[in-house]
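User: Can you walk me through this one? I have the file open and would like to go region by region.

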Amino acid sequence: MGKVYTLAEVSQHNNREKCLLVIHGKVYDVTKFLEDHPGGDDVLLSSTGKDATNDFEDVGHSSSAKAVMDEFYVGDIDTATIPAKVQYTPPKQPYYNQDKTSQFIIKVLQLLVPLVILGVAVGIRFYTKSAA
């Protein structure tokens, strides 16, 4: 039986020097696994400071991946310290009008330039054929 951690204690260890994750009520020290994780270390680091069970299950880890977890087990989480429901607040983003960007102008030109070239070619062909 390992140590019982609070979510605040686990949240403090959210970097490459010490990385703790909470999955299914258990705490795992995945610091040594950061470099070897197939999804990269950023995936693990982004799951710190919260209950990462949903993140873990959404990926659909294999049974062998779940077996590897046992070597990183360091204790259990005090479930009373995990908030029941976290309110999601989307980040504030400035209003974006796609039609007013230079990218929009480039896309319009990519459509119009070939059409103009085609029109000129057909016009030249028509003019030279009728003149002959």
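Analyst: Sure. This is a predicted model. One place to begin is the loop between E2 and strand E3 (26–29), where His 24 is found.

User: What is phi of His 24 near?

Analyst: Phi of His 24 is near 55°, which is a positive value in a residue other than glycine.

User: OK, the sheet. What's the strand order?

Analyst: The order is E1-E4-E3-E2, four strands in an open sheet with mixed pairing.

User: Which strands stand at the edges, and why is one side of each left without a neighbour?

Analyst: Strand E1 (3–5) and strand E2 (20–23) are the edge strands; each has a single partner strand, so one side of each has no neighbour in the sheet. On average, neighbouring strands of this sheet are turned by 40° against each other, direction ignored.

User: Which way do E1 and E4 run, and how many bridges join them?

Analyst: E1 and strand E4 (residues 73–77) run parallel and are joined by three bridges. One pair to look at is Val 4 with its bridge partner Asp 76 in E4.

User: And E3 with E4, parallel or antiparallel?

Analyst: E3 and E4 pair in the antiparallel sense, over three bridges. Here Val 27 has Gly 75 of E4 as its bridge partner.

User: Moving to packing. Which residues make up the largest nonpolar core?

Analyst: There are twelve residues in the largest nonpolar core, among them Cys 19, Leu 21, Ile 23, Tyr 28, Leu 44, Leu 45, Ala 52, Phe 56 and Phe 72. E2 and helix H2 (41–46) are the elements that give two or more residues to this core.

User: Is there a second core, and which residues does it include?

Analyst: A separate core of six residues includes Tyr 5, Leu 20, Val 22 and Ile 77.

User: Back to Ala 52. What is it in contact with, leaving aside neighbours within four places in sequence?

Analyst: Ala 52 is in contact with Val 22, Ile 23 and Ser 47. Of these, Ile 23 belongs to the largest core, while Val 22 belongs to the second one.

User: How is the chain divided into domains?

Analyst: Domain 1 covers 3–81 and domain 2 covers 96–131. Their C-alpha centres lie 55 Å apart.

User: Where does UniProt place the transmembrane region?

Analyst: The unreviewed UniProt entry places the feature "transmembrane region" at residues 104–127.

User: Helix or strand in the model for 104–127?

Analyst: Residues 104–127 are 100% helix and 0% strand, and the end C-alpha atoms of the span lie 34 Å apart.

Technical notes. Residues are numbered from 1 along each chain as its sequence is written. This is a predicted model: local features need pLDDT of at least 70, side-chain atom pairs count only at pLDDT 80 or more; totals for chains, interfaces and linings use all residues. Side-chain values use heavy atoms; hydrogens and water are left out. Two strands pair if DSSP finds at least two bridges between them. Axes are lines fitted to C-alpha atoms, for helices over the stretch in contact, and angles run from 0 to 180 degrees between N-to-C directions. UniProt positions are given in the numbering used here, feature names are shortened, and annotations may be inferred rather than shown by experiment. A nonpolar core is a set of buried Ala, Val, Leu, Ile, Met, Phe, Trp, Tyr and Cys residues joined through side-chain atoms within 4.5 Å. Buried means under 20% relative accessible area, exposed over 50%, partly exposed in between (1.4 Å probe, protein chains only). Contact means heavy atoms within 4.5 Å. Domain bounds come from an automatic or database domain assignment.
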